[in-house]
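Reader: I am new to this structure. Please take a close look at one part of the chain, and then place that part in the whole.

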Amino acid sequence: MGRGDHNHPHHVTPQGRDNEAGPPSEHEVLSRAIQELLEEKGILTAEQVRRRMERFEEDFPYRGARVIAHAWTDPAFRKRLLKDGKAACAEFGIDLEADRLIAVENTPRVHNVVVCTLCSCYPRALLGMPPTWYKSENYRKRVVRDPRGVLKEFGTVLPDGVTVRVHDSNADMRYVVVPMRPKGTERWSEERLAGLLTRDALVGVTVPAASR
């Protein structure tokens with residue numbers, strides 16, 4: 001993809017400080033309405049929702065890290081993941097909400113990054129809740145026009161010879177990036193490898209490093 005004009009008053013940042021979050025998706029509106037109704041009827045409280053969301057954020061992103069770490073150490077599983085991501089995740093007891101999960105593999109010549117240009121489709125059962133920057137109109141528009149510029153804002157600077165491929169998720173199809181395994185980790189356990197894999201790396205805006 002070529003570079004585009006990306007002058008914009010707000011910048012995408014890994015910390016999610018983007019002020020242009022854009023309108024909520026249909027699913028988010030419905031979720032909020034249901035939550036408000038349940039709170040109004042006294043079935044649950046805002047505090048219970050908050051605690052559940054914190055647990056969700058703690059537990060779910062690690063699922064994706066476990067899957068990719070296993071793919072790094074088990075070539076047969078890696079092939080199954082690349083062929084049918086949803087079926088491979090089912091081996092870990094992960095029931096994905098979309099019909100398909102496509103795993104895209106980074107190589108020395110290709111770097112993949114994921115977006116949902118229409119709203120915020122995202123493999124939540126695998127990675128947890130999407131970050132604010134992923135849902136922002138800023139990220140959704142700019143990563144398509146100027147992926148290298150956006151990646152640079154996350155601290156990811158790629159050599160000129162590396163092709164950047166942007167994958168657009170939708171309601172039926174989600175993506176996860178399989179990063180390159182860092183050098184020097186050949187003897188590492190899966191658990192230790194999983195510690196290198198962040199949500200942002202599995203979206204493709206950052207890359208894992210052995211120094212983590």
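**The cysteines and the spaces in the chain**

Author: Cys121 is buried, with a relative accessible area of 10%. This value, like every other one here, is computed from a predicted model. The cysteine sulfur closest to that of Cys121 belongs to Cys119, at 3.7 Å. A disulfide is a covalent bond between the sulfur atoms of two cysteines. The cut-off used for such a pair is 2.5 Å, so the sulfur atoms of Cys121 and Cys119 are too far apart for a bond.

The search for disulfides covered the whole structure and found zero. Cys116, too, is in no disulfide, and the nearest cysteine sulfur lies 3.8 Å away, in Cys119. Cys119 is thus the closest cysteine partner for Cys121 and also the nearest for Cys116. Like Cys121, which is buried, Cys116 is buried, with a relative accessible area of 1%.

Next comes the empty space inside the model. Rolling a probe the size of a water molecule over the atoms shows where empty space is left. With a threshold of 30 Å³ or more, the count is one cavity. The largest cavity has a volume of about 30 Å³. Its lining includes Val114, Tyr122, Pro123 and Leu127. Tyr134, Tyr175, Leu202 and Val203 are also among the residues that line the largest cavity. By class, this lining has eight nonpolar residues, with no polar and no charged ones.

A pocket, unlike a cavity, is open. The second largest pocket holds about 210 Å³ of space. It is lined by 13 residues, and those closest to its centre are Thr107, His111, Leu158, Met180 and Val207. Sorted by class, the lining of the second largest pocket has ten nonpolar residues, three polar ones and no charged ones. No charged residue appears in the lining of the largest cavity either.

Finally, the chain as a whole. It has 212 residues, of which 42% count as buried. Its secondary structure consists of ten helices and four strands. Read from the N terminus, the order is α-α-α-α-β-β-α-α-α-α-β-β-α-α. Among contacts in the chain with a separation of 6 or more, 69% are between residues 24 or more positions apart. The area that the chain exposes is about 11800 Å², and carbon and sulfur atoms supply 51% of it.

Note on methods: Residues are numbered from 1 along each chain as its sequence is written. This is a predicted model: local features need pLDDT of at least 70, side-chain atom pairs count only at pLDDT 80 or more; totals for chains, interfaces and linings use all residues. Side-chain values use heavy atoms; hydrogens and water are left out. Helices (H or I, at least four residues) and strands (E, at least two) are DSSP runs, numbered from the N terminus. Buried means under 20% relative accessible area, exposed over 50%, partly exposed in between (1.4 Å probe, protein chains only). Contact means heavy atoms within 4.5 Å. Accessible areas come from the Shrake-Rupley method with a 1.4 Å probe; for residues, only the protein chains shown count as cover. On a 1 Å grid over the protein atoms alone, a cavity is a set of points where a 1.4 Å probe fits but cannot get out, and a pocket is an open set with protein on both sides within 12 Å along at least five of seven lines; lining residues have an atom within 4 Å of a point. Grid points are joined across faces, edges and corners, and a volume is the space filled by probe spheres set on the points. Ala, Val, Leu, Ile, Met, Phe, Trp, Tyr, Cys and Pro count as nonpolar, Asp, Glu, Lys and Arg as charged, and the others, Gly among them, as polar.
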